[in-house]
Amino acid sequence: MEDRKGAPAARTPKTVLLGVTGCIAAYKSCEIVRGLQKRGYRVKVMMTEHAAEFVGPVTFRSLTHEEVSIGLFDHPSDPIHHISLAEEADLILLAPLTANVMAKMACGIADDLFTTTLLAATCPVLIAPAMNVHMWQAAATQENLARLRNRGVAVVEPATGHLACGYDGQGKLAAVEDIVERACEMLEEESLLAGRRVLVTAGPTHEPIDAVRYIANRSSGKMGYALARAARLMGAEVTLVSGPSALSDPQGVRTVRVTTAQEMLAAAEDAFATADLAICAAAVADYTPAHPAGHKLKKTEEHLDHVELVETTDILRRLSEYKGRRIVVGFAAETDNVVSYARDKLARKGCDAIVANDVSAADSTFGSDTNRIRWITADVEKDFPLMSKDRTARAILHEAAALLARTA
Ligand code: CTP
């Protein structure tokens, strides 16, 4: 086995627990084993009974030189095998993952060795689903996927092409090299922010006009939530201060729900007191009604044609004023003059970096799942291609971690 790039020769290799489920793509798991071993990782395999119908355990035993785990009661010498398997893993990679096992994971069902191990696992989990296109598109599957993502499970989505069942569409197991690459990235990143405390602000704020009306904006919170999840996967202790968002609290992240800019400021300052890094991704309202009414205003009796506004506190600027050695990163979501406005914000707000993004483009707007950003600091500017918000979050955190390392 080769040594991992840059790792000292004597270092114990990290362990990947590869979970194989019953799918025709199970034969590709053999290449995944090889790919991970070539990158210097130890691989152990667990299989569902259905997976063993497609590829025999002997194949994996020969490839890994390790026992292959299938049945809950197959290891009498290790009576709680599902716990020891889960504890041994630095990363669990499920490839291919069927719709059925994905659904069990999403519900926390633990009725065999495979799913019991998953429920007991505390390490990062990466899934590479593969199934028929209609099974992939089914509302149940997509809901399960969203639940898993929200819990911090990383996903290499199926590829589109000709499927074993005869259909054309999305459902093919992603390319082996993409799965191996993502697994290696996760293993290399998992301690990037270890011991760091990270604050992320996310979502819009709602500024009340009266008891039923408010001023808001189109922010979905997706970018901030992706940042919180990614920072967690990189080993940070994360506080997410979120304005009203339909997204669920990411697992393992302390989430503080707020409504107004004033509440967001208080919660952000509270978390910032012990933070090493703050990323202000929230679309905070710049103005709030000066005199919100406690009752519903009546259009016939009261003056709804004019709402007096006062400026809110700029949280990013406030944190930057007294940040000291802490790193503070802001966002500049613009529709025009993106870069010059972003540079101006960097100077005006006194933060360490600004993430500029053009929200006039359909693929990087509020609510979309992708983003195209430019990272701007006083001495570096870097463009990133169009990427998923998860990948964008990881790119931002790599840049921020480099700034943190400089202050250490
Ligand atoms: N921000 C903040 N508190 C505010 C307003 C903005 O923390 N009250 C932060 C946002 O989270 C973001 C950055 O400031 O990181 C830029 O927000 P943006 O709304 O683009 O900037 P503004 O200063 O409001 O400038 P403008 O609306 O004129 O573009």
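**Two domains and the cavity between them**

In this predicted model, the centres of domain 1 and domain 2, taken over C-alpha atoms, are separated by 35 Å. The contact between these two domains takes 9 residues from domain 1 and 11 residues from domain 2. The points below follow the domains, the salt bridges that cross their interface, and a cavity whose lining draws at least three residues from each domain.

**The domains and their interface**

- The domain assignment of the chain places residues 15–189 in domain 1 and residues 197–407 in domain 2.
- About 950 Å² of area is buried between domain 1 and domain 2, and carbon and sulfur atoms give 41% of that area.
- On the side of domain 1, the residues N150, R151 and E189 supply 58% of the area that this domain buries against domain 2, which is more than any other three residues supply.

**Salt bridges**

- Side chains of opposite charge can pair when their charged atoms come close.
- The count of salt bridges comes to 26 by the rule used here, and the rule finds 4 salt bridges across the interface of domain 1 and domain 2.
- R149 forms a salt bridge with D390, and the closest N and O atoms of this pair are 3.9 Å apart.
- Because R149 lies in helix α8 (residues 139–150) while D390 lies in helix α14 (residues 389–407), this pair ties together parts that are 241 residues apart in sequence.
- The side chains of E189 and R394 also meet in a salt bridge, with a distance of 3.1 Å from N to O, and both of these residues appear again in the lining of the largest cavity.

**The cavity**

- Rolling a probe the size of a water molecule over the atoms shows where empty space is left.
- A search of the whole structure finds 1 cavity of 30 Å³ or more, and the volume of the largest cavity is about 70 Å³.
- The residues that line the largest cavity are P124, R182, M186, E189, E190, A230, L233, M234 and R394.
- Sorted by character, this lining divides into 5 nonpolar residues and 4 charged residues, with no polar residues.
- Helices α9 (176–189) and α10 (222–233) each supply at least two residues of the lining, and the largest share, 3 residues, comes from α9.
- The lining of the largest cavity draws at least three residues from domain 1 (15–189) and at least three from domain 2 (197–407).

Definitions and conventions:
Residues are numbered from 1 along each chain as its sequence is written. This is a predicted model: local features need pLDDT of at least 70, side-chain atom pairs count only at pLDDT 80 or more; totals for chains, interfaces and linings use all residues. Side-chain values use heavy atoms; hydrogens and water are left out. On a 1 Å grid over the protein atoms alone, a cavity is a set of points where a 1.4 Å probe fits but cannot get out, and a pocket is an open set with protein on both sides within 12 Å along at least five of seven lines; lining residues have an atom within 4 Å of a point. Grid points are joined across faces, edges and corners, and a volume is the space filled by probe spheres set on the points. Helices (H or I, at least four residues) and strands (E, at least two) are DSSP runs, numbered from the N terminus. Ala, Val, Leu, Ile, Met, Phe, Trp, Tyr, Cys and Pro count as nonpolar, Asp, Glu, Lys and Arg as charged, and the others, Gly among them, as polar. Domain bounds come from an automatic or database domain assignment. Contact means heavy atoms within 4.5 Å. Buried area is the accessible area (1.4 Å probe) that two parts lose on being put together, summed over both.
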